[in-house]
Structures are given as structure tokens and as C-alpha cells.
Amino acid sequence: MTNNHKKPEIGPNQIGLLEKLCNATAVSGDEYEVRKIILEAMKPIADEIKVDALGNILVTKLGGGKGRVRVMLAAHMDEIGFMVVKKDEDNLFEFERVGGIDERQLPGKAVLVGRDHLPGVIGAKPIHMTTAKERKNKIKVSDMRIDMGPEIGDRVKPGDRATFATRFRVLGPSICAKALDDRLGVATLMELLKYAPENIDLLAAFTVQEEVGLRGARVAAYAFDPEMAIALDSTPANDLPHWDDEDENVQYNTRLDAGPAIYVMDRATIADRRLVNWLRETAEDCGIPYQFRQPGGGGTDAGVIHKTRSGIPSTSVSVPSRYLHTAAGIARLDDWVNTLSLLHAALCRVTPELLAVERRD
Ligand SMILES: [Zn+2]
């Protein structure tokens, strides 16, 4: 008896969940807000759920019958952001970046600081006061401060995290938010757990500290000891026609509206051939649009998962988003829907033969 006929969908409930996840603060190493949302929602449906020493959530959803494959899916809870490191005498806060953020993105941005989401701004010198030379140069992060007004007192301390203050919006066919990387993956994994097919044991890792070097996934994969793994992430769509003032954009990575991005290679992983074929064949058989993410920079949790224990066949599937690691990203609802459909359909087709050595060689 399987429940393969039940398919996940994306409607107002799922969009509401994504909104909650994107608006939560979970800068690497302090993922508690997102963890709380996931734990609350997943407790009723999990066969086992635990939080490990680093803060990863490990959810097990067992299938039924014999010949089940142990499939790990990973989505990272953390996001890029800032850490307050020092209060100056004039009540301004020095900060460091957590994860990859271009410093040119920072001056003048509104932020939310600490567990109480206190409002502040990364101060910027007004254009009236800057020289032509200053406008050409980058401002160093060490020269920037978070300004929260003189009354802030001791409510903010070194170690507190801050995020961009962007609030989630639906813009027609698009969603605009901070932290789409990787709340899109988190929301997708939460839906897949609800509709996990019987032919697999679904081992779901909601990981910590991906943005600072895939740290949580390493211990999560060790604990789960899966037979295969997929990292669910969001990857940059570098698809605007005139990027960087060049005549033509010849560096497409992924594009919006082209469906889930299947990985063949990134900086951290060469995808397992069997898994790439399985995803592509599933998409073609089911008529789900898909694209291959073009190799290049970046990596996902698969980068450490595949090197765990004696090796774990791995790949990644991402929802493409524009402007990742800035204050606001843009993704398409349809790309999210198709990512969820592809992953669910692919999981329903997993059999032990998928991992047969002959299929790789
Ligand atoms: Zn990511």
C-alpha cells in the first residue's frame, strides 16, 4: 500500500509558511527562529525528530515494506547576515558579515537586530557630502556601523545577529523576500515530508551553518548514514540580458521560469550520474520543466554530504532566484511548484536498482 497518489501542492498555506520562514531571522549559528517553526510543524508527522548538538533538525519518516532506500534530503535553515561585534562609545555598532555578502550592497540598508528584531540602519554618507573619489571606491565593512539610535542602551550585545529588514511580498507570479536561499528549500522539504512515499525512508536534515562552510550537513549526514542524498537549495539566476554592462549576458547560470535547476557540477560536488539521470528522466516522463544549473561557483550541502563515511551518491536541486545574498531576492512561484513536483515524483520512483553500480559505470 503506498500513498504515491497523494501529491504535494502549493497554495495559500504553503505561501504563508514560506512567508513566515523568510521573515524569521536565522543567521548562521543562531537558527533558532526557523528551527522553532519547523519543529512545531513537523512533530505531528515525523516518526522520529531530534535536534543534534550543532542545532540541525533530523527528521525521520519511515516508509513501509521491504527494499526501502534510505534517502537523505537536506535544506539549510541559516541565511547570510551580520553579527554585531562591538559597541562604540557613540552608541553605534561595529559588525561583521556572516556568509558571502558584497559590501557594496550594504550602505543605507535597513536591518533588524537581535532576537527582538530591533530596527536599525547601516549608515551611509549622503551624496551631498561625498567626493567623486569616494563614490568610486568601496566602503569597507570596518568603516560601516549599524545605527539604532542613542537610546539603544544594552539591548544589543556582541554576538547578536542582524538581517536585512525586507518583508516577504508576492509580486504577481513572483515572490520577493530576503533569505529565499534557503527558505525555499526548507519549505519544499517540509512539504515533501508530509507526502513521503512508502518506497523510501525519508531522512530530512534541516541544517545549520551552510552559508559559512556547509558545517551542519557534515554531522547530519554522518548521523543519518543514508544510501543517497539530495541537497535542496536556491541558486542564483543570472539571467538579465545586460549584466555588468556587457553587450550580451553569456554567463547564464540558471533562468527564472525554466523550472527546477538540476546540478551536474558545482565548486563542491560532481553530481552522481545515476541521480542526475533519474531526475532528468522523471522530469521528462512527467512533463515537468527543468534546467541544468551551469557549473561554476557556489556549492550546496551536497559538497560535504557526498564525502561522508564511505561516500554517499549525491546531487542538488535548486529553485532559481535572482539577487541572492542581497537584501531582496526574486523567485517565481511556478519554479517552486515544479521543483516540488519533480522531487516528489522522483522520490516515488526510487528503487534499490537506481543505485546499481552498472547504472553509474
Ligand atoms: Zn543556499
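Two strands pair if DSSP finds at least two bridges between them; strands are DSSP runs of E with at least two residues, helices are runs of H or I with at least four, and both are numbered from the N terminus. The model is predicted, so local features need pLDDT of at least 70 and side-chain atom pairs count only at pLDDT 80 or more, while totals for chains, interfaces and linings use all residues. Residues are numbered from 1 along each chain as its sequence is written, and side-chain values use heavy atoms, with hydrogens and water left out.

**Exercise 1. Determine which strands pair with β9, and in which sense.**

Step 1. Strand β4 (residues 81-87) pairs with strand β9 (residues 161-164) in the antiparallel sense, over 2 bridges. Within this pairing, F82 has A162 of β9 as its bridge partner.

Step 2. Strand β6 (residues 110-113) also pairs with β9 in the antiparallel sense, over 3 bridges. Here V111 is matched with F164 of β9 as bridge partner.

**Exercise 2. Describe the sheet that contains β11 and the helices packed on it.**

Step 1. The sheet is open and has 3 strands in the order β10-β11-β17, with antiparallel pairing. The edge positions belong to β10 (169-171) and β17 (329-332); each has a single partner strand, so one side of each is left without a neighbour in the sheet. From one strand to the next the twist averages 30 degrees.

Step 2. Strand β11 (residues 174-177) is joined to β17 by 4 bridges, and C176 has I330 of β17 as its bridge partner.

Step 3. Helix α4 (residues 180-194) lies across β11 and β17, at about 35 degrees to β17. Helix α8 (residues 333-348) packs on the sheet and touches β10, β11 and β17, its direction making about 60 degrees with that of β17. Such angles run from 0 to 180 degrees between N-to-C directions, with axes as lines fitted to C-alpha atoms, for helices over the stretch in contact (heavy atoms within 4.5 Å).

**Exercise 3. Establish why C176 forms no bond with C22.**

Step 1. A disulfide is a pair of cysteine sulfur atoms within 2.5 Å; by this rule the count is 0 disulfides. The cysteine sulfur nearest to C22 is that of C176, 9.7 Å away.

Step 2. The C176 sulfur has its closest cysteine sulfur in C22, and 9.7 Å is too far for a bond.

Step 3. C22 is buried (under 20% relative accessible area; exposed is over 50%, partly exposed in between; 1.4 Å probe, protein chains only). Its relative accessible area is 0%, and C176 is buried at 13%.

**Exercise 4. Identify the protein donors of the zinc ion and classify the site.**

Step 1. Donors are N, O and S atoms within 2.8 Å of the metal (3.2 Å for Na, K and Ca); water is not among the atoms, so sites may look incomplete. The protein donors are H76 (NE2), D181 (OD), D233 (OD) and D233 (OD), lying 1.9 to 2.8 Å from the zinc ion.

Step 2. The angles among the 4 donor atoms span 50 to 140 degrees, and the site is irregular. A tetrahedral site of four donors would need all angles between 85 and 135 degrees; four count as square planar and six as octahedral if opposite donors are over 155 degrees apart and all others between 65 and 115, and anything else is irregular.

Step 3. H76 lies in strand β3 (residues 69-76) and D233 in strand β13 (residues 228-236), so the pair ties together parts that are 157 residues apart in sequence. Both H76 and D233 are buried.
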